[in-house]
Amino acid sequence: MNHLTIHAEHRLNLIEPEIYGHFSEHLGRCIYEGIYVGEESEIPNENGMRTDVVTALREIQIPVLRWPGGCFADEYHWKDGIGPKNQRKKMINTHWGGIVEDNRFGTHEYFELCRQLGCKTYISGNMGSGTVREMSEWIEYMTFDGMSPMTELRAQNGHKEPWKVDYFGIGNENWGCGGNMRPEYYIDEYRRYQTYVRNYHSENKIQKVCCGPNDDDFHWTRKALETAYSGMPKDNHGTMDGFSLHYYVVPEGWSGPKGSATEFNEDDWYKTLNKALKMETLIIEHGKIMEEFDPEHIIGMVVDEWGCWYDVEPGTNPGFLYQQNTMRDAVVAAVTLNLFNSHSNLVKMANLAQAVNVLQAVLLTEGSRMVKTPTWYVFHMFRHHQGARLLRSEFIDLEETGSEEWKVPGLSASASIGNDGLMTVTICNLSVHETQELTIDVLQDKPCVQIAEAYILTGEMNHYNTFDHPWKVQEEKFQKYEVIDHQIRLSIPGGSIVMLRCNE
């Protein structure tokens, strides 16, 4: 029998809302057709932003949105994306499909989108092909509230008041598409560029994010931080607030086919989950190196690209990275978010790749139609963890499941307590078919536990939603539980995710 003990009185660190962040790149149909259709479109929109997409993202309480990339960021020149749309400079999106980017969606449109979403802003700056002056002027254009050529230009383009930039990434994947740099060289450049990412007024302190490693490149982490802290004051002085980590779950590996998003067997299921669980090792091991240089945890870990990466759907542009989204992806998302919660003393932000129509998207669009993927429902079920306090919890006698080569724990869980006094528990059954019986012991002073609400996301392993059948996989009320004093006993179907809201 699986047991989970939750110490309801043992409150730990805050789970930053930004852990539930998202990522939107100028890639395929993420921005155009996915988020932005233009003011003249027959698709319902507000200032060009799809009303259905904005509404759906607001429903999962999107806390922060990263833009404009990704690899696209290090070839993006921001001045091409301001001014009258019919006069904006066109460019070739060399990273993603070689199509023409007409820059209809630029700085003003991004801030309008974030205004509609009610979320924080996270902008990736161009270090790879840009200049210090270009980055400096972009910061001035966005945030300065005094008199200058950049503020005059902003006003000419229709926005007199400055915006708030919450997070700013100094380059992206500079070990690869962002310039193929060595960590020592990148950090020297980082220190130079970040100097000119100024805080122009006290109400807008920009959190600066440094390019960290890809996957298990511990050499990058060590050399980057070693170089960064060489001669740098121990209190950091705001030169670095976040250190990024990128990790994608690729079932078959990067060389050759990556695997189908929808056609897979049980062994593929467990292989994918086994690789998803590697995220915990990466957080712990990179976190140890970060702690050597930053024992007070001034710098937060920012997992600003994560998710499943498969072969594109047959018949679609290979450069658009469009893939379907099944219950397997939902379980990967649930397992990963539980890990982020459990290690939220280290992880301060994360951004799923990507929001719409690309990779492990939460939403898919086709013309005027939109569908919520199983991953969207996971974010909806987990939304109560945002800004809550992590509760100490641990499994006892947790059974393993999986194929002979790809073993995984049978269950994954995390628990938190919100400002509303309700405890949220999210549990995932990693077994593809086998129902798992779980007993939860809630250690607290109050005489009994009461369930305020309970929901489940369940289905066959390769079930997914389509535009013709958009509700095949959806969140439903969960009833297979009983409460006896401090104990909750659940019966969780294979490959399912359960969310409980309990009175403390």
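These are my notes on a predicted model, taken entry by entry.

**Entry: barrel**

I looked for a closed sheet and found 8 strands that form a barrel, in the order S2-S5-S8-S9-S10-S11-S12-S13, with parallel pairing. From one strand to the next the twist averages 25°. I then checked one pair within the barrel. S12, residues 300-308, runs parallel to S13, residues 347-353, and 4 bridges connect them. I noted one bridge by name: Val-302 is partnered by Met-349 of S13.

**Entry: cysteines**

How many disulfides does a search of the whole structure find? I got 1. Its members are Cys-71 and Cys-177, with an S to S distance of 2.2 Å. Cys-71 sits in the loop between S5 (64-67) and S6 (91-92), while Cys-177 sits in the loop between S9 (167-170) and helix H5 (183-195). The two are 106 residues apart, so I recorded the bond as a link between distant parts of the chain. The rotation about the S-S bond is -90°, and the link is left-handed.

I looked up the accessibility of both ends. Cys-71 is buried at 11% relative accessible area. Cys-177 is partly exposed at 26%.

Next I went through cysteines outside the bond. Cys-30 takes part in no disulfide, and the nearest cysteine sulfur, in Cys-114, is 12 Å away. Cys-30 is buried, with a relative accessible area of 0%. Why is the sulfur of Cys-114 not bonded to the closest cysteine sulfur, in Cys-119? The two sulfurs are 3.8 Å apart, which is too far for a bond; the cut-off is 2.5 Å. Cys-114 is buried too, at 3%.

**Entry: helices H1 and H2**

I took the packing of H1 (residues 51-59) against H2 (residues 107-117) next. The axes are 9 Å apart and the angle is about 55°. That angle makes H1 oblique to H2. On the H1 side I listed Val-54, Leu-57 and Arg-58; on the H2 side they meet Leu-113, Gln-116 and Leu-117. By class, the residues of this contact are 4 nonpolar, 1 polar and 1 charged.

I also asked how much of H2 is covered, and 10 of its 11 residues turned out to be buried. Among them are the contact residues Leu-113, Gln-116 and Leu-117. The buried set also includes Glu-109 and Glu-112, along with His-108 and Cys-114. After H2 comes Gly-118, with a positive phi near 70°.

**Entry: strand S21**

Is S21 (residues 436-443) largely enclosed or largely open? Of its 8 residues, 6 are buried, so I put the strand down as largely enclosed by the rest of the structure. I found a partner in S1, residues 2-14, which pairs with S21 in the parallel sense over 6 bridges. In that pairing, Asn-2 is matched with Leu-438 of S21. S25, residues 487-492, pairs with S21 in the antiparallel sense, again over 6 bridges. Here Gln-436 has Ile-492 of S25 as its bridge partner.

I also looked at the loop between S24 (481-484) and S25, where Asp-485 is found. Asp-485 is exposed, with a relative accessible area of 53%. Lys-446 is 39 residues from Asp-485 in sequence, and their C-alpha atoms are 9.4 Å apart.

**Entry: backbone geometry**

I checked peptide bonds for cis geometry. The bond from Trp-67 to Pro-68 is cis, with omega near 5°. The bond from Gly-69 to Gly-70 is also cis, with omega near 10°. Pro-68 lies in the loop between S5 and S6, and Gly-70 is placed there as well. Cys-71 of the disulfide belongs to that loop too.

I then checked for positive phi in residues other than glycine. Asn-103 has a phi of about 60° and is located in the loop between S7 (100-101) and H2. At 0% relative accessibility, Asn-103 is buried. Asp-215 has a phi near 55° and lies in the loop between S10 (207-210) and helix H6 (218-229). Asp-215 is also buried, at 18%, which is under the 20% cut-off.

Methods. Residues are numbered from 1 along each chain as its sequence is written. This is a predicted model: local features need pLDDT of at least 70, side-chain atom pairs count only at pLDDT 80 or more; totals for chains, interfaces and linings use all residues. Side-chain values use heavy atoms; hydrogens and water are left out. Two strands pair if DSSP finds at least two bridges between them. Helices (H or I, at least four residues) and strands (E, at least two) are DSSP runs, numbered from the N terminus. Axes are lines fitted to C-alpha atoms, for helices over the stretch in contact, and angles run from 0 to 180 degrees between N-to-C directions. Buried means under 20% relative accessible area, exposed over 50%, partly exposed in between (1.4 Å probe, protein chains only). Angles under 35 degrees count as roughly parallel, over 145 as roughly antiparallel, 65 to 115 as roughly perpendicular and the rest as oblique. Contact means heavy atoms within 4.5 Å. Ala, Val, Leu, Ile, Met, Phe, Trp, Tyr, Cys and Pro count as nonpolar, Asp, Glu, Lys and Arg as charged, and the others, Gly among them, as polar.
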